[in-house]
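Visitor: Hello! Could you take me through one part of this structure in close detail? I would like to look at the sheet and at the open and closed spaces around it.

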Amino acid sequence: QSNNVVSCWSQPEATIFHVRGSNYLKDRIKVPSGAPPLTCRGVDVWMTDNPERNIARHPDVLGGKLAEKDTFLVNFLLPFGNFVAYFDIPPLSKFPAKLANVWTKFRRGDQEYRDARLKLLPVVVEGPWIVKAAVGPGKSPALLGKVIPLQYFFREPSAQSKGVFEVDVIITASTIAKGILSVVKGHTSAISIAFAFIIEGTNGEELPENVLCCFQMHSLRLEDCPVLPSSLLDDTVTDD
C-alpha cells in the first residue's frame, strides 16, 4: 500500500465524492458521501496484450489471498493490461440501512438491472490540467453500463467457499473510454486519482446515496508493473 507514494494505493476519504442527497429527486442537490462499507483489500496492475476476463480465477490475483474473504472486485480490461481493485464485503449489518437494500438488489439483479445502476466517479486529486480536462471535474459519475460493456461473474458465499462478485469493465470495447485512457496513460506517474463505485439511488427509499467502495492510486509507473503470469484458468467463478 505504501511505496514512497509511488505506484501505490490508499483508501481516500469518502467525503471527496459527492452523491445524491435525500431530496435529490426534487432539489438535485448532491452531498459528501458517508464512509463506504466495503474497504479496499488491494489493487493489481498486470501488463498483458490480452487482458483477462473473469480474472478472479487467476491464482496470482491479490497475492493469492482472494479466497480468504468475501470480495467485490472490479476488473478493468485495458488495451495494455488488467487493472483490478479488490474490496472486502462486511456483513449486511455493517452497511447503512438503505445501502444494504440497494446492494442486495444489485447482487440479485440481472444484467440489465446492474448495468442501469453501477456508477464510477473518478476524482483527479493531483495531476496536469489535460488529465483533469479528460476525466472531468469529479462531480458527475458515469453510469458504466451505458458507455462501456460490462460482464458480471457473481458467486454467492457458501459453506465451501467465500463469495466473489466480479465486475469486468471492458474498456477495450469503448472508443470514448479508450480516448480518455490514452490521455491518462501518458501522465500516470504524475497523477493521484481516486475512484468511487456507487449504486444509483432512483427513488426516495434508496436516497441518500452512499459510496459502496473507493480507492486512490498514486503516481503509477506502468513500466514497473508486472506481466500477468500465464495460467490455465478453471471455471470456479461463473457468469451470473
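**A close look at the sheet and the spaces**

Guide: Happy to! Let us begin with one pair of strands: strand 1 and strand 12 run antiparallel to each other and are joined over three bridges. Please keep in mind that this is a predicted model. Within that pairing, Cys8 faces His218 of strand 12. Ser10 is also part of strand 1, and a polar contact of 2.7 Å links the side chain of Ser10 to that of His218. Is Ser10 buried or exposed? Ser10 is buried, because its relative accessible area is 19%, and the cut-off for buried is under 20%.

Now step back to the whole sheet. This open sheet has five strands in the order 1-12-11-7-8, paired in the antiparallel sense. Strand 1 (8-10) and strand 8 (142-143) are at the edges with a single partner strand each, so one side of each has no neighbour in the sheet.

Strands of this sheet also take us to the largest pocket, whose volume is about 780 Å³. Strand 7 (118-126), strand 11 (192-199) and strand 12 (213-218) each give at least two residues to the lining of the largest pocket. Strand 5 (71-78), helix 4 (129-135), helix 5 (144-147) and helix 6 (175-185) also supply at least two residues each. Of these elements, which one gives the largest share? That is helix 6, with six residues of the lining.

In total, 36 residues line the largest pocket, and Leu120, Pro122, Val135, Ile180 and Phe195 are the ones that lie nearest its centre. If you are thinking about chemical character, the lining of the largest pocket divides by class into 27 nonpolar, seven polar and two charged residues.

The closed space comes last. The structure has one cavity of 30 Å³ or more, and the largest cavity holds about 40 Å³ of space. Its lining is made up of Lys98, Leu99, Val102, Ile199, Glu206, Pro208, Glu209 and Asn210. Helix 2 (residues 97-108) contributes the most to the lining of the largest cavity, with three residues. By class, four residues in the lining of this cavity are nonpolar, one is polar and three are charged.

Conventions. Residues numbered from 1 in each chain as written. Predicted model: local features only at pLDDT ≥ 70, side-chain atom pairs only at ≥ 80, totals over all residues. Heavy atoms only, no water. 1 Å grid on protein atoms, 1.4 Å probe; cavity = no way out; pocket = protein on both sides within 12 Å on 5 of 7 lines; lining within 4 Å. Points joined across faces, edges and corners; volume = space filled by probe spheres on them. Helix = DSSP H or I, 4+ residues; strand = E, 2+ residues; numbered from the N terminus. Nonpolar A, V, L, I, M, F, W, Y, C, P; charged D, E, K, R; others polar. Pairing = 2+ DSSP bridges. Buried < 20%, exposed > 50% of the residue type's maximum accessible area, 1.4 Å probe, protein only. Polar contact = N/O pair within 3.5 Å; in protein donor to acceptor, adjacent residues only side chain to side chain.
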